[in-house]
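Visitor: I have this one open now and would like to go through it with you, element by element. Please start with whatever convention I need before we get to individual residues.

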Amino acid sequence: MPMVERRYAPIYAFLVCLFALFGTSMTVIGATLPRILENFGWSYGTAGAVIAANAIGYFGSVFAAGRIVGRIGPRTAALIGLSLVSGGLALFAASPGPALNLALYALIGIGQGFLEILVNWSVMRMDREGRAMSIMHAAFSIGAVAGPFAVGWLLASGRPWVLIYRGMALLFGVVLAAGLALPFDRLGRETVAARTGGGPSVRDRAYVLGFAVLFLYVGAELGISNWAAELFVRSFRGSEATGSFMVSLFWLGLLAGRLGIPLLLPRARQEKVLVVLSAGLAASTLLLAASSFFGPPAVFVGAASVALAGLFCSSIYPIVIFLEGRAHPGAEGAAIGFAGAGGGLGAFLFPFLMSRIAGAAGVNVGFAFYALVAALVSALALALAATTRGGVPDRG
């Protein structure tokens, strides 16, 4: 059976394209960072501040947009998000001034937060099984992988690297124009209570658990992705090329899971899938942390652990978003916005924690820390699955 009703098909197809482009926008600065540092003369501290501004803008925007999307509707949310991202990308890196670029990248983060809520809220209104949400997040992964490849091609061709930002600004503008003609009214609106502040609160167990799971999960996911290359260079004595391949292997595993799980297990209960994936993430992260002690097969054990970690990471985020939305009918925006804000906070805080741990005790100890975080994700995911079982949250 189709993942969404036929009347929603044009909206869903549009959102797939939008989320793929959104994924590209999330990885492009990392791919261009070496050239930015070289051409603009920025220090690591300056670059870190610009990236942190984006994370702060995103974190605040996801929470706020979740609260108001039911009032303003998806069309207005799309207009706000796409305008901010397109405008910010059109001007970002036009000059080397750190202050201006920091402000622009913060605006891009605010726009990205609106787009995150727009997509998740809209899919939640169409999706009753969770498959459509997982496929949607697979589109994000495709964009996240495609972005660095596009940057590499542009740099290899000798063209100015800033063209990648101008080109993406243009693409977001085209998407905006196309989206304004879509029948977003078919998605309906949230209940009056949710739109006027009567949504879930911190007394709601499912509401708090969604925030906590994504706070820890995003920290672990980005930690594995950001530090896998360093682990293989330092602990396995691998080359930089080998380290880079491990990052690609992680994201390929994640993409395979987001595409494969909803297609191969179309009738699986989302709560059960979440429990299995989170337990697998804890086990694979622990194996990765210990893999350098396996003697001669250590590299192969480590590579397998990275791929498995990506596979087990795959659908945790979209399933949590789906369960939160299903557990709070009529107030989906507030629920998924609060959960998404947990992920945004994790993306901001965990890099600082890992840097301190790795600097003081080594990258292996840092991965042992991530194994502990993944174990906590597994425990909290089990609690969330029990709380939201059958779509009816236990209010505690």
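Guide: A helix here is a DSSP run of H or I with at least four residues, and helices are numbered from the N terminus. Please also keep in mind that this is a predicted model.

Visitor: OK, then where does I357 lie?

Guide: I357 lies in helix α12, and with a relative accessible area of 23% its side chain falls in the partly exposed class.

Visitor: And how far apart are I357 and F369, in sequence and in space?

Guide: Along the sequence, 12 residues separate I357 from F369, while in space their C-alpha atoms are 8.3 Å apart.

Visitor: Staying with aromatics, how many aromatic pairs does the structure hold?

Guide: There are 19 aromatic pairs in the structure. One of them is formed by F348 and F352, with the ring centres 5.6 Å apart and 70° between the planes, an edge-to-face arrangement.

Visitor: Why does 70° count as edge-to-face?

Guide: Because planes over 60 degrees apart are classed as edge-to-face, the 70° between F348 and F352 puts that pair in the class.

Visitor: Where do F348 and F352 lie?

Guide: Both are in helix α12, which covers residues 332–361, and they are 4 residues apart, about one turn of the helix. As for exposure, F348 is partly exposed, at a relative accessible area of 24%.

Visitor: Which residues form an aromatic cluster?

Guide: One cluster joins F40, W42, F92, Y105, W161 and Y165.

Visitor: Switching to charges, how many salt bridges does the count come to?

Guide: The count comes to 6 salt bridges. One of these pairs R125 with E332, where the closest N and O atoms are 3.0 Å apart. R125 lies in helix α3 (residues 98–126) and E332 in helix α12, so this salt bridge ties together parts that are 207 residues apart in sequence.

Visitor: Are R125 and E332 buried or exposed?

Guide: Both are buried, R125 as well as E332.

Visitor: What about E271, which residues does it form a salt bridge with?

Guide: E271 forms a salt bridge with R269, the closest N and O atoms being 3.3 Å apart, and another with R326, where that distance is 2.5 Å. In the second case E271 lies in helix α9 and R326 in helix α11 (residues 316–327), so the pair ties together parts that are 55 residues apart in sequence. Through these shared partners, R269, E271 and R326 are joined into one network.

Visitor: How accessible are R269, E271 and R326?

Guide: E271 counts as buried at 6% relative accessibility, whereas R269 counts as partly exposed at 40%, and R326 also counts as partly exposed, at 24%.

Visitor: Since we touched α9, what is there to say about T285?

Guide: T285 lies in helix α9, residues 270–290, and is buried with a relative accessible area of 1%. A polar atom of the T285 side chain lies 2.7 Å from the backbone oxygen of L281.

Visitor: How many disulfides does the structure hold?

Guide: The structure holds 0 disulfides. If you want to look at cysteines anyway, C17 counts as exposed at 54% relative accessibility, whereas C313 counts as buried at 0%.

Visitor: Now the surface: which residues form a nonpolar patch?

Guide: L263, L264 and L265 form a nonpolar patch on the surface, and together they have about 340 Å² of accessible area. Of these, L264 is found in helix α8, residues 240–264.

Visitor: Why does L264 count as exposed?

Guide: L264 counts as exposed because its relative accessibility is 70%, and the class takes in residues over 50%.

Visitor: Last one, backbone geometry: what is phi of A93?

Guide: Phi of A93 is near 65°, which is a positive value in a residue other than glycine. A93 lies in the loop between α2 (44–91) and α3, and at 5% relative accessibility A93 counts as buried.

Technical notes: Residues are numbered from 1 along each chain as its sequence is written. This is a predicted model: local features need pLDDT of at least 70, side-chain atom pairs count only at pLDDT 80 or more; totals for chains, interfaces and linings use all residues. Side-chain values use heavy atoms; hydrogens and water are left out. Rings of Phe, Tyr and Trp (its six-membered ring) pair if their centres lie within 6.5 Å; planes under 30 degrees apart count as stacked, over 60 as edge-to-face and the rest as tilted. Helices (H or I, at least four residues) and strands (E, at least two) are DSSP runs, numbered from the N terminus. Buried means under 20% relative accessible area, exposed over 50%, partly exposed in between (1.4 Å probe, protein chains only). A disulfide is a pair of cysteine sulfur atoms within 2.5 Å. Patches are made of residues with over 30% relative accessible area and no salt bridge: like charges are joined within 9 Å, nonpolar side chains (Val, Leu, Ile, Met, Phe, Trp, Tyr) within 5 Å. Accessible areas come from the Shrake-Rupley method with a 1.4 Å probe; for residues, only the protein chains shown count as cover. A salt bridge is a side-chain nitrogen of Lys or Arg within 4 Å of a carboxyl oxygen of Asp or Glu. A polar contact is a pair of N or O atoms within 3.5 Å; within protein, one must be able to donate a hydrogen and the other to accept it, and residues adjacent in sequence count only if both atoms are side-chain atoms.
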